[in-house]
Amino acid sequence: MANKFRNLSSKLFQLAKSSFSRTAVRPRMSFTGRIGFYGRNRKLLGALGALTGAAGLLIYALESSVDASTDCVHPPHQHWNHTGLLAALDKESVRRGYFVYKEVCASCHSLQYIAYRNLVGVCLTESEAKAEAESITVRDGPNDEGEFFDRPGKLSDHFPSPYANEEAARSANNGSYPPDLSYIVSARKGGEDYVFALLTGYCDPPAGFALRDGLYYNPYFSGGAIAMAKAIDNEVVSFEDANVAASAAQIAKDVCVFLKWTSEPEADERRLLLIRVTLISAFLIGISYYIKRFKWSALKSRKIFFIPELEAQAKKEAEEAAKALAKAKEQECNKCENKNENKE
């Protein structure tokens, strides 16, 4: 497939090159006003269009070849409830996903770009979020005496890292560094589909695939060997809602929705803003069309003609009118002088 696109792009490039080398002949036109930039540079524009199309096809071919040559299985697409243009995140699923993260994922992965105040109204109430924040200890300072001190967490504090530094994290995970999960859905190709497939895709390695000690096989991970052990399984957590089964698929789905929210906490607000902008724009467009169509129609549709004969006739009539007006004024002045002489 990639070879076909490369051949097609090379042919288009040769066509564009030959178009550049030809001598453009200006066509004869009956109306000189039609001879503009397009008429003078038709060959040039055609060549530029061919080059643009060839570049687009080449980029698509390279992207397809890269996808086809990856060393992992492509994650299947899942039907998420929040993927629609006007669809909102399932807040119940976000709350359950936060509980799964706290019970399962927080021991290795951090959420350094999420503060406890972000949980208010989404995952927890304000009092619950304050209690969660106060359960951690934050190194703060310096104080008035220039010393650092430990204090309970506040809503403005971010989630703490489970490890003191990167070296400690690698030492505890056989040399692998657990990534931060704040933007993991946006940072990975496939988004939540990839995270869901990774969490539920653990299986036995195929024949001939050798794994080192401390690694596990996952076909959705690049290379197939991953340092993270299988963390999601049936009944690994217990939900407060008894109507929701704590299956591996449900747990993985909830934590993926939660990580989607951490990647875009303002997604629902943007969708609401889109609805407001659409409604206001529809009203303003209707008003603008009314003004354009009915108020300015006389000015937009009028035509002004310049006819020399009419201009000369109008000029002659204006001169005659000026002479008549001057003559009338002169007669009035003569009458006034005659009256003054008779009185004397």
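This section describes the overall make-up of a predicted model, then helix H4 and its surroundings, a contact between two loops, and several backbone features.

The predicted protein has 344 residues, of which 26% are buried. Its secondary structure comprises 12 helices and 4 strands. Contacts were sorted by separation along the sequence. Of those between residues at least 6 apart, 63% join residues at least 24 apart.

Helix H4 covers residues 91–105. It has 15 residues and reaches 19 Å from its first C-alpha to its last. The expected figure at 1.5 Å a residue is 21 Å, and the helix comes close to it. At its start, a side-chain oxygen of aspartate 90 lies within 3.3 Å of the backbone nitrogen of glutamate 92. The buried residues of H4 are Ser93, Val94, Arg96, Gly97, Tyr98, Val100, Tyr101, Val104 and Cys105. In an α-helix, residues three or four places apart point the same way, because there are 3.6 residues a turn. The cover over the buried residues of H4 includes helix H5 (126–134) and helix H9 (248–263).

Helix H9 has 16 residues. Its first and last C-alpha atoms are 22 Å apart, close to the 22 Å expected at 1.5 Å a residue. Of the 16 residues, 13 are buried, so H9 is largely enclosed by the rest of the structure.

Helix H10 (residues 267–295) also meets H4: the buried residues of H10 pack against H4. In H10, these buried residues are Ala267, Asp268 and Arg271. The helix has 29 residues, which should span 42 Å at 1.5 Å a residue. Its end C-alpha atoms are 41 Å apart, in agreement with that figure.

H4 also contributes to a pocket. The second largest pocket has a volume of about 350 Å³. Its lining consists of 14 residues. Nearest its centre lie Arg95, Arg96, Phe99, Cys123 and Glu240. H4 and H5 are the elements that give two or more residues to this lining. H4 gives the most, with 6 residues. By class, the lining of this pocket has 8 charged, 5 nonpolar and 1 polar residues.

Beyond H4, two loops meet at serine 110 and aspartate 180. Serine 110 lies in the loop between H4 and H5. Aspartate 180 sits in the loop between H6 and H7. The two residues are 70 residues apart along the chain, yet their C-alpha atoms are separated by 5.0 Å. Their side chains make a polar contact at 2.6 Å. Serine 110 has a relative accessibility of 10% and therefore counts as buried, the cut-off being under 20%. Aspartate 180, at 17%, also counts as buried.

The aspartate 180 side chain also reaches backbone atoms. It lies 3.4 Å from the backbone nitrogen of leucine 111. A polar atom of the same side chain is 2.9 Å from the backbone nitrogen of glutamine 112. With residues up to four places away in sequence not counted, aspartate 180 touches Ser110, Leu111, Gln112 and Tyr113. On the same basis, serine 110 is in contact with Tyr101, Pro160, Ser161, Pro162, Pro179, Asp180, Leu181 and Ser182. One of these contacts, Tyr101, is among the buried residues of H4.

Three further loops or loop positions carry backbone features. A cis peptide bond joins glycine 141 and proline 142, with omega about 0°. Proline 142 is placed in the loop between strand S1 (137–140) and strand S2 (149–152).

Asparagine 174 is not a glycine, but has a positive phi of about 55°. It is found in the loop between helix H6 (166–172) and helix H7 (184–187). Aspartate 180 is also in the loop between H6 and H7. Asparagine 174 is exposed, with a relative accessible area of 63%, whereas aspartate 180 is buried.

Glutamate 235 likewise has a positive phi, of about 60°, although it is not a glycine. This residue lies in the loop between strand S4 (225–226) and H9. At 57% relative accessibility, glutamate 235 counts as exposed.

Notes:
Residues numbered from 1 in each chain as written. Predicted model: local features only at pLDDT ≥ 70, side-chain atom pairs only at ≥ 80, totals over all residues. Heavy atoms only, no water. Expected span 1.5 Å × (residues − 1). Buried < 20%, exposed > 50% of the residue type's maximum accessible area, 1.4 Å probe, protein only. Contact = heavy atoms within 4.5 Å. Polar contact = N/O pair within 3.5 Å; in protein donor to acceptor, adjacent residues only side chain to side chain. 1 Å grid on protein atoms, 1.4 Å probe; cavity = no way out; pocket = protein on both sides within 12 Å on 5 of 7 lines; lining within 4 Å. Points joined across faces, edges and corners; volume = space filled by probe spheres on them. Nonpolar A, V, L, I, M, F, W, Y, C, P; charged D, E, K, R; others polar.
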